There are 4 protein chains.
Amino acid sequence: MQNLVILAGNIGQDPESRTTINNTRITHFTLATSRPRYAEGKVLRDKDGYRVQETEWHRITCFNGLGKTVEQHCQKGMKVLVRGRIHYTKWTDREGIERYSTEIIAETVDFLSWPKREDDSRGANDPDDEIPF
Amino acid sequence: MQNLVILAGNIGQDPESRTTINNTRITHFTLATSRPRYAEGKVLRDKDGYRVQETEWHRITCFNGLGKTVEQHCQKGMKVLVRGRIHYTKWTDREGIERYSTEIIAETVDFLSWPKREDDSRGANDPDDEIPF
Amino acid sequence: MQNLVILAGNIGQDPESRTTINNTRITHFTLATSRPRYAEGKVLRDKDGYRVQETEWHRITCFNGLGKTVEQHCQKGMKVLVRGRIHYTKWTDREGIERYSTEIIAETVDFLSWPKREDDSRGANDPDDEIPF
Amino acid sequence: MQNLVILAGNIGQDPESRTTINNTRITHFTLATSRPRYAEGKVLRDKDGYRVQETEWHRITCFNGLGKTVEQHCQKGMKVLVRGRIHYTKWTDREGIERYSTEIIAETVDFLSWPKREDDSRGANDPDDEIPF
DNA sequence: TTTT
DNA sequence: TTTT
């Protein structure tokens, strides 16, 4: 049954890709989402009066074509909207310790801001642009 | 049961507000979402090679505090993320014709871009800023 | 940009299908979602103390393969989870009056209950079962 | 910015609650969501022809009133729809090993099926029923 | 590690 | 009516 995640946030690091032995292209990036922190129903503020943010860092995984697109057009600092699903992994590390990790497998990634690099500044509607969003 | 809408798009016109006779503040704005148009599984392009966009115009309704915030900080052209629910209305117009309309009742509105006006450029984290997002 | 709808509710009538002149199969059904009605921040109750429900009736549209599946396995009264997008249509009726309608174009439909008819009672995991959910 | 999760699935174990030293009531349950497993774009089937399911087990956390409601009305095997957000935790266990865990902080929990126990069979619309959904 |  |  449905396992759906929607995240709107900022990319923490430029995406990184690798290819598995079965020739699947896997691309990863991290995404920060933030919300105001509350205490007793009120927004918390720091000593200067600024709202305290609570940031979650999500690990996003893209496969194949979507990964290729993300690799080409997404970079650190950009705002994106990710739709995907949560996936949990359990494995045993070299010391024999059981480890758990969580990732968001992306189905779509939409731009909410534009790349800063010159060579990516063509815009989403450029005829040569292969961005699906 | 659940009736949930998530929209990320651009505001079409500055929000407008009115107060009902029971003293409820109602704020409206329109929001454009777009997606590439497809035909036979392929993205459609115009004669210049640009991807053809299919735009939906949503009518967004906010009540009370959320409406006040939107009225103060949202303006034409800004990108926002709306979470809410769909609501349908049926009424009879002056000519006695049955009319239907659809609106999205917003529960949250998040900024994805910043206002262009000087006086709103303080940033989301300003201590005087009452934006809940 | 994103236009996403999630609806969990009950099917109002058995789905109906037609084929367009370009050979697209279109399947429609109606879906009821409900929520408690509120007044002054409190759940409204009727004279017997039961919570007053506010029901929205959504018009759901499915294309091609998804429509075929829905037609075969969904029926009046079943609970389903629909993921899709909102689409608005404007047209002029025979009297020359401008009409508007709204529909939810489904991308996925998941079962939350089982069909009542004998011939559909095989369960989602039957090897002959072509339900994608 | 937005961090939104929608899960529709089955409860794995009866919910369990505890109260923190600051008097916050915390209720936990596990939720299974499943999807067909794919390989090379096709649904995988086992040797008997049944579709292979990929199940994710989510840890759901509810606070205060929502937790109380869940504790009273949700039980193992029920189908529910959870809306919430992802939260990641990092801590050091007794052996000094860094551990990570992920939980879904629920904002709403909707019933998609009914409890099996006699004493809970009153239905969602019973006047004595405090279920907010 | 991002962003305002 | 927005945006690229």
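Me: Which residue is the bridge partner of Ile6(B) in β1(C)?
Reply: In this predicted model, Ile6(B) has Leu4(C) as its bridge partner in β1(C).

Me: How many bridges join β1(B) to β1(C), and do they run parallel or antiparallel?
Reply: The two strands run antiparallel, and five bridges join β1(B) to β1(C).

Me: What about the contact between chain C and chain B, how many residues of each are in it?
Reply: On the chain C side 28 residues are in contact, and they meet 28 residues of chain B; the area buried between the two chains is about 2,500 Å², with carbon and sulfur atoms giving 49% of it. Of the area that chain C buries against chain B, 27% is supplied by Met1(C), Glu56(C) and Tyr88(C), which is more than any other three residues supply.

Me: How many salt bridges are there across that interface?
Reply: The rule finds two salt bridges between chain C and chain B, and Glu54(B) forms a salt bridge with Arg85(C), where the closest N and O atoms are 3.7 Å apart.

Me: Switching to the DNA, which residues are closest to strand F?
Reply: The closest of the 14 residues that surround DNA strand F are Trp114(A), Asn10(B), Gln13(B), Thr30(B) and Trp57(B), while sugar and phosphate make up 51% of the strand F atoms that come within 4 Å of the protein.

Me: And which side chains have an N or O atom 3.0 Å from a base oxygen there?
Reply: The side chain of Asn10(B) has an N or O atom 3.0 Å from a base oxygen of DNA strand F, and the side chain of Thr30(B) likewise places an N or O atom 3.0 Å from a base oxygen of that strand.

Key:
Residues are numbered from 1 along each chain as its sequence is written. Chains are lettered from A and ligands numbered from 1 in the order in which they are written. This is a predicted model: local features need pLDDT of at least 70, side-chain atom pairs count only at pLDDT 80 or more; totals for chains, interfaces and linings use all residues. Side-chain values use heavy atoms; hydrogens and water are left out. A residue is near a molecule or strand if one of its heavy atoms lies within 4 Å of it. A polar contact is a pair of N or O atoms within 3.5 Å; within protein, one must be able to donate a hydrogen and the other to accept it, and residues adjacent in sequence count only if both atoms are side-chain atoms. Contact means heavy atoms within 4.5 Å. Buried area is the accessible area (1.4 Å probe) that two parts lose on being put together, summed over both. A salt bridge is a side-chain nitrogen of Lys or Arg within 4 Å of a carboxyl oxygen of Asp or Glu. Two strands pair if DSSP finds at least two bridges between them. Helices (H or I, at least four residues) and strands (E, at least two) are DSSP runs, numbered from the N terminus.
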